[in-house]
Structures are given as structure tokens and as C-alpha cells.
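Here are some friendly notes to read alongside the model. Keep the 3D view open and look up each residue as we come to it.

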Amino acid sequence: MESSQYWFNFIWLVAYFLVLIGMSGYGCHRLLMVLLYIRHRKNVPQPKEQWAEWPMVTIQLPMFNEKFVVEGLLKKVTAIDYPKDKLEIQILDDSTDDTYDLCLQQVEYYKAQGFDIVCLHRTDRTGFKAGALEAADAVAKGEFLLILDADFRPEPDILKVCVPYFTDPQIGVVQTRWAHINRNYNLLTRLQSIFLDGHFALEQTCRNRSGRFFTFNGTAGMWRKSTIVDAGGWEHDTITEDMDLSYRAQMKGWRFVYLNDYETPAELPVDMDGFKAQQHRWTKGCIQVCRKMLWDIWRSNAPFKAKMEATTHLTCNYSYLALILLCFLVMPVCTGLVAPTGDWAWDQWQMMLLTFTLFFFATVSVCLFYIVAEMIVKPRRWYMVFPLMIPLLALGVGMAVNNAKAVLEAMAGQQSEFVRTPKFGESQQGNLSIEKRAKGYKAIKSVLVPVLELCFALFFGAVEFINFSHGDYLTFVLMTPFLGFFYTSFASFARLIDGVVQKRRAAANA
């Protein structure tokens, strides 16, 4: 019996520390990003020269049932400062609701003002966004393509800022940094903005400036049309067609430019369902691209540092599976039910020191990463991020079930529909109207994920109660982010209930 207990403890602890070491490795990568940014922060890209005559540009606006934002998008797009005779606007509409009729009205309105604008409507959504872009490229007049999702609000000078970089014939993509028009709408949008600032202000910047691969983010950036053709065109065997095409283009030798100092504002999902749908799509698509491209990347002539960064980028979402596994492994270790025994036994403080060290690299390094990102984005108010660090970590943990499901679906080769992110045209403050909540987008179709999140939440709630009642305050603090499962599950259930209530109210008012 003692021998079996010994080996049980040994195997459990080995699994526990391997998971922590793996997650700490991705945490150390965040520290590397910070160091790379500090080293290359002054290497701001500059255009090679200016155009003697502005080239032809096509602005592509992919959309699907975007009736709340299409008018605002076109108002901004038609205000872009660029010669009308060198500008084409393509609305790529796959809508199944009255968005199509609205698009036709807008096309007629802006044609009367002298714009070269067309609505390309598909009734067959084959390939989803990638399929729409593929069809549009075949008839696009522009040598360069600016892609804008429906919730983006470009500044008037976006083309005159981006187009000069294409005077270098090796430049295939120019990507701008996303900004957030509804950053302060609620707690969820505040936390999302921090997550995205880390990606855009730090990761994308240091990848580009240090000679590593970075990816086009699907919108708010420009492609040279010949780059798309040379890389094999838009493919729709993944749901992150932008990432897929980006790696294929860079392996062909095309160079990308990232403009960290130029913002293109967009709308963040305002409820948990929208956020989960977006994260599920991004996570699943990233794993799909990993399975499709990683071996090709390592066989390519890309620099070793680019291959290593691509590997970290494409595999990082596997950490959600590690996080779910950690949820099962952490409680017996932290409560002492599983502990080193025999010749390799440690006392409690040695065990806690090792655990704390690994947790430090898995969590504190992540906090430092986002703090530095906010220092870049909001240099005068970056300190406002400190009160949000615990909620930020909690949300990251709480999303583990949703995103682990996406990873497993991608690993199993399960295809799924491109679920677009809800967009309401909301700014900084206020509540969604009854019409938008009731008629705009459906709430969750399945309660499986929020039910699992609630189970995890109740489990860790009980564990934290035990830790606190036993005076194990260090473990209590270390495990606080695991209570993020309460947030993600309750927010989804609240959205479900709200959807039912608003539909009934809308029906009663009809």
C-alpha cells in the first residue's frame, strides 16, 4: 500500500510540475516580448519613398448581417482622404437579413456622390469571409486592398499613411494597430482592451521590428494584391484565413510592416456570449493553422528566430488544455493531500517555494506584459491597469473551458461555421436597446460550456473556502484567479435570461 501511494504521489506531482513548467514557459515568452520591445522600440518603420502618383486602391468591407454598423462604416470610409478616381469600395455582403437592402440603399446614395462603390452579394456562404474575399479579389480594380470589418472606423488619413510603404516592392502587408471605441463600456470591454493591447502594442510590434513573422489581423490593414496571388490566395480550410495567408506569404519572402503608432478604432464585444464566440473562433483557427502550417514553416528558409516565434505563437493555445489539467492537479497538491514522500520528500515550505516560483512565471510575468502594454498605449494613465490585474487573470482562467473546447475541436478536425462577433455600433457608455438585444443577435445555443464553468467555479469556491479556513493564505491568493469561472458562467447565464426577457418585451410591444 505504501509503495502504491508513493508512486501515485510521484506521478501526480510529476504531472503537476510538468504542466506548471509548460505554462511558465509561455509566461517566460511574455517576458521575452517585453525585452524585445525595449530593445527595438526606436526601430520605427518608415516608407522607402513617396508615390509620384497615387495608385489604385480597393477598400473591401466584408459583412454578414451587420445592419447596426453598416451606415457608420460607410460614413467613415467615404470620408477617407484619397482621390476618388483612384478609389474603389467593395461591400462584400453575405447577409441573410435586411442588411442587404440597407447596403443597396447606401450604394445608391454614395454613387450619386461620385464614389465607385459596389455591393457584391453572395447567397452561398462557401468559405465564409475567406470565400467572400476570394470572390472580390477576382474583380477588384485596385493594386492594393484595404480590408475593414464592419465595426471598424478608419481615420481619414489611413490610406495616405499606409500606401507609401508599398513603394518598397518587397512589402506585401501593412497592418495598423486596433483601438477600441467602447473600451469603457463595461468591465468586460475594459479587460478585452487590455488583452488586445498586449497583442497589438507588444507582440505585433516586437515580432515585426525584430525580424520575426507576424500575422495580418484580418482587418485594419492593407495587402498588395499580387502578394495574395503569389502566396496561393485566400484558403478556407481554416477559420482564421488571415493567419494562414500571412504565414504562406512570409514564407514566400514577402515582408510585412506593422504600424504601432497608427490606430484604427473598432468595437469590442459587449457581452460574454460575443466574447466567447470570438475567442472560440480565434483559438480554433490558430490550432487549425498550427496543424496545417507548422511543419512547412520549419521546412522553409525562414530564420531560426522566426521559426521559434511562429511555433510559440501557433502552439500557445494548447495552454488552455494545460490549464484545464492544472485545475484537476492543483487542489490535492496545494492542500497537502498529495506530497513528496520517501527519499525525495520535501518539507511544506520547499514545496510552496517551488510552486510559487512556477506560478510567478506563469502569472506575474503575464501581468508585467500587460502593464508594459498599457504603458505604451496609455502612457499617462497606464497605472489604472493595476486594479484590473486580478480580474484580468480571472477572465483568462475562466475562458479555459470555452477555449479548450475550441482546441479539442481543431485537434479532432471538426469543421464549424464562421461565427462572426456581434457588433452593435455602441460607443463608450450606455445600455443596448431592446431592439438590439432582442432582434440583433441570439444568445448562447448550448448551456454546456457555462454549466461546466459553473462546476469548476463551485469546486474552486469550495477549495478556496478550505484554504482560507485553514489559514493557508498563500495558496488562497495563488488560486484566486480560478474563481474567474464564476464570472464567465454567470455572465453567460445572465445573457441567456436577458435574451428571453427582451424577446418577450419586444413581442409585447409589437
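**Notes on the strands, a helix and a pocket**

1. Let's begin with a pair of strands. Strand 4 (residues 144-147) and strand 6 run antiparallel and are joined by four bridges. Within this pairing, Leu-145 stands opposite Trp-223 of strand 6. Please keep in mind throughout that you are looking at a predicted model.

2. Now stay with strand 6 and look at its other neighbour. Strand 5 and strand 6 also pair in the antiparallel sense, over three bridges. Here Val-173 has Trp-223 of strand 6 as its bridge partner, and Val-174 has Met-222 of strand 6. If you click on Trp-223, you will therefore find Leu-145 opposite it in one pairing and Val-173 as its partner in the other.

3. Are the faces of strand 6 covered or open? Both are covered in strand 6 (residues 221-224): Gly-221 and Trp-223 are buried on one side, and Met-222 and Arg-224 are buried on the other. Trp-223, which belongs to strand 6, has a relative accessible area of 0%. To see how the chain folds back here, find Phe-166: it is 57 residues from Trp-223 in sequence, yet the two C-alpha atoms are 9.2 Å apart in space.

4. Strand 5 deserves a point of its own. How many of its residues are buried? The count is 10 of the 10, so strand 5 is largely enclosed by the rest of the structure. Besides its pairing with strand 6, strand 5 (residues 171-180) pairs with strand 7 in the parallel sense, over nine bridges. Two of the partners in strand 7 are easy to look up: Leu-259 for Thr-176, and Thr-264 for Trp-178.

5. Strand 7 is worth following a little further. Nine of its 12 residues are buried, so strand 7 too is largely enclosed by the rest of the structure. Strand 7 also gives four residues to the lining of the second largest pocket, the most of any contributor.

6. That brings us to the pocket itself. The second largest pocket holds about 400 Å³ of space. It is lined by 24 residues, and those closest to its centre are Ile-171, Asn-208, Trp-254, Arg-255 and Phe-256. Helix 8 (241-251) and strand 7 (255-266) are the elements that give two or more residues to this lining. What classes of residue make up the lining? There are 13 nonpolar, seven polar and four charged residues.

7. Next, try a helix. In helix 2 (residues 70-77), the residues Val-70, Leu-73, Leu-74 and Val-77 are buried. These four cover an arc of only 95 degrees around the axis, which puts them on the same side of helix 2. The spacing in sequence helps you see the idea: an α-helix has 3.6 residues a turn, so residues three or four places apart point the same way. What do the buried residues of helix 2 pack against? Their neighbours are strand 1 (57-63), strand 2 (87-93), helix 3 (99-111) and strand 3 (116-121).

8. A charged side chain can sit inside too, so have a look at Glu-374 in helix 12 (residues 348-377). Glu-374 is buried, because its relative accessible area is 1% and the cut-off for buried is under 20%. Leaving aside residues up to four places away in sequence, Glu-374 touches Arg-183, Ser-193, Ile-194, Asp-197, Pro-379, Trp-382 and Val-385.

9. Two backbone angles merit a check. Most residues other than glycine have a negative phi. Asn-65, in the loop between strand 1 and helix 2, has a positive phi of about 55 degrees although it is not a glycine. Phe-128, in helix 4 (residues 128-137), also has a positive phi, near 55 degrees. Are these residues buried or partly exposed? Asn-65 counts as buried at 13% relative accessibility, whereas Phe-128 is partly exposed at 22%.

10. Finally, step back to the whole chain. The protein chain has 18 helices and seven strands, and 56% of its 510 residues count as buried. Among contacts between residues at least 6 apart in sequence, 84% join residues at least 24 apart.

Terms used. Residues numbered from 1 in each chain as written. Predicted model: local features only at pLDDT ≥ 70, side-chain atom pairs only at ≥ 80, totals over all residues. Heavy atoms only, no water. Buried < 20%, exposed > 50% of the residue type's maximum accessible area, 1.4 Å probe, protein only. Arc of directions from axis to C-beta. Contact = heavy atoms within 4.5 Å. 1 Å grid on protein atoms, 1.4 Å probe; cavity = no way out; pocket = protein on both sides within 12 Å on 5 of 7 lines; lining within 4 Å. Points joined across faces, edges and corners; volume = space filled by probe spheres on them. Nonpolar A, V, L, I, M, F, W, Y, C, P; charged D, E, K, R; others polar. Pairing = 2+ DSSP bridges.
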